[in-house]
Amino acid sequence: MQVTVEIYRQDAETGASRFDTFIREVDPKDRVLDVMMEIKDQDDGSIAFRKSCGHGVCGSDAMMINGINRLACQTLIQDLKGSLIRIEPLKGLKVLRDLIVDMDPFLASLQKVTPYFIPKTTAPVREQKQSIAERQIFDDTTKCIMCGACTSSCPSYWSNGEYLGPATFVKAHRFIFDSRDGGDAERIEALDDRDGLWRCHSIFNCTDACPRDIKITQAISELKRYIVARR
Amino acid sequence: MILHTLFEQCLKHEVRFFNEFYVLDMMVDDTACHGVVAYELATGEVQVFQAKAVFFGTGGYGRVFSITSNAHALTGDGMAMAFRRGLPLEDMEFVQFHPTGLRKLGILVSEAARGEGGILRNREDLDNIGSGKDGFMAAVAPTVKDLAPRDMVSRAIYNEIQAGRGIEGSGDTGSDYVYLDLVHLGADVINTKLPDISHFARKYLAVEPITEPIPVQPTAHYAMGGLPTDLDGRVLRDSKNTPVNGLYAAGEVACVSVHGANRLGTNSLVDIVVFGRRAGRDMTRYLKTAELGHIDPEPDAFIRGEIDRLQKGGGQENVATLRIEMQKVMMSRSGVYRNEENLTIARNTILELRERYRQVGVGDQSPYYNTELVEAIELGFLLDVAWTIAESALQRTESRGAHSRVDYPDRDDENWLKHTFITMAGENEVRFDFKPVSITKFQPKPRVY
């Protein structure tokens, strides 16, 4: 089938932007990333975008495809239900060039919730066991690949870059509900704040955008309830 | 999970990251490594990092082949850099092809699928889909059947395809495929025990594994060879175990070698978890007394020259054209099955492509986020690594583990119970040295299943 691919371009120095249009013959089962790489190889090598693993594990090719944040490597042409493919950078993060956005604020937000395991006691000499049931409580949020699709789909984040954003809550959830972790106090200080959990209005954009199908809005509600119950 | 845990622990310990800096060269002399030269993607600047010690965790080179489970970033950079600086690479002929990559895409369908009872089927076996009856592997490995080692299953799939029993019946191992049948396992097992695999099949092939078999073909998966290291991750400069002071490697880039000629499933974790740790420990010990060494006045001259040539040299060769030619010739002639004729063609083609690489031109002149330039540089690394694979495979006139020579089908312990060390000896010349294999508990024996 023939598709029209419109790719957002932005000059790194001047910030001038435009859409470049490419007409391609594709298989409906081709992936958007493959089509983009073919365009880069054959038509215009200067199109800048990130990619690495090519199968939804590394999270580096999150972008807005036909208005929805998704991974280019996980999106088949037939998923788009039409012959027009419009590819834009993630919203709410500064565009550095074409489809490449500045991920530094995203990573800085993550740092605010102490995003690493804090043992309850002094460092254990043996492994700390956990039951299947205990693991299930936070299993969903361990699946995050930090692609940024959720945070950059959130209207609350668009309007206020100080807001921690859904990806940071997912990381906090992963540790707060881990039976072996004892770092609640530090994390809750950042979460229980007007730029923390309470700026979430349960819009569900993040849940829809997540390429790992993490129930992000649910995880955020669990965090809110946990914090209220502790008061 | 391991990757994210490592990242989190790095944040905890305030490790400073240089994100999107591409290491393109290493500074190494007759005694030690003194740092690296890197290209900063954001600015286009070439930066020199002088260091007392350097650790390479740069991964493998799956992108040498047209079908691979590896990330686009796995272009053999670390190995090629060392090779260009005169260091040897060990056992480059041993490349593992995993039998079950998703058709065309190479994305890995892990052993878990056959571990749970998945069965490989050819075109004569289509009526048995969903029955749970034996497939073609029962004749190849009567006791373990579909759970035979990766190299054997990959060869068995190629045999089926070459005999016209692939699903298309074309006989072409480049495009034909077989089926991985999970249907008889039922929805529960498939959804709860094989969530990633079923997700991949649904997402990428629009195949529903509960009701349909999954099209698979062997995919380049893992490099057994790489930078020779000792048990503390110290990179060795020769077959006599002389370390390069201050240079460490672990993971797929390194060859310890715990895997010998053929890695077992999950043992890549040994490379990262055990030897990564050992290398780190030895590095801290080394750093206590190490001092900054002497470096050239212009350690970045070579890389600056390369970038200049690629961007401003007016070369007419296209990166993608060369890359695709390399991947095809390596997959078809230096892949699952090999022989002298094919390997000679592969080697000669790679040498020609290396020649043509001198004429590659990059259109993008911007210094900012110039991914076209990075891909051109990566192609240079890939071609050098491909060269070492083809040369090493050509000289090993036996079959051992993942290295399968049709013209030398047997293992030959008398002549070949040794590791290959390949070193660059000239623009188009290599030199070989060998190191005895250290055997402890397990004596080599015929693999019969």
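Let me begin with chain B, where three strands, helices and strands here being DSSP runs of at least four residues (H or I) and at least two residues (E), numbered from the N terminus, form an open antiparallel sheet in the order S1-S2-S3. Strands count as paired if DSSP finds at least two bridges between them, and the edge strands, S1 (21-28) and S3 (46-50) of chain B, each pair on one side only. On average, neighbouring strands of this sheet are turned by 25 degrees against each other, direction ignored, where axes are lines fitted to C-alpha atoms, for helices over the stretch in contact, and angles between N-to-C directions run from 0 to 180 degrees.

I should say early that this is a predicted model, in which local features need pLDDT of at least 70 and side-chain atom pairs count only at pLDDT 80 or more, while totals for chains, interfaces and linings use all residues. Residues are numbered from 1 along each chain as its sequence is written, chains are lettered from A and ligands numbered from 1 in the order in which they are written, and side-chain values use heavy atoms, with hydrogens and water left out.

Staying with the chain B sheet, S1(B) and S2 (residues 33-40) of chain B pair in the antiparallel sense over seven bridges, and Tyr22(B) has Tyr39(B) in S2(B) as its bridge partner. As a general reminder, strands of a sheet pair through backbone hydrogen bonds, either parallel or antiparallel.

Now to chain A, whose secondary structure comes to eight helices and seven strands. Its C-alpha trace spans about 60 × 35 × 30 Å along the principal axes. Of the 231 residues in chain A, 53% are buried, meaning under 20% relative accessible area, with exposed over 50% and partly exposed in between (1.4 Å probe, protein chains only).

Chain A holds an open sheet of five strands with mixed pairing, in the order S2-S1-S5-S3-S4. At its edges stand S2 (17-25) and S4 (68-71) of chain A, each with a single partner strand, so one side of each is left without a neighbour in the sheet. Neighbouring strands of this sheet are turned by 30 degrees against each other on average, direction ignored.

Within this sheet, S1 (residues 2-10) and S5 (residues 84-88) of chain A run parallel and are joined by four bridges, with Glu6(A) opposite Arg86(A) in S5(A). Finally, helix H1 (residues 32-42) of chain A lies across S1, S2, S3 (62-65) and S5 of chain A, and H1(A) runs at about 100 degrees to S2(A), contact meaning heavy atoms within 4.5 Å.
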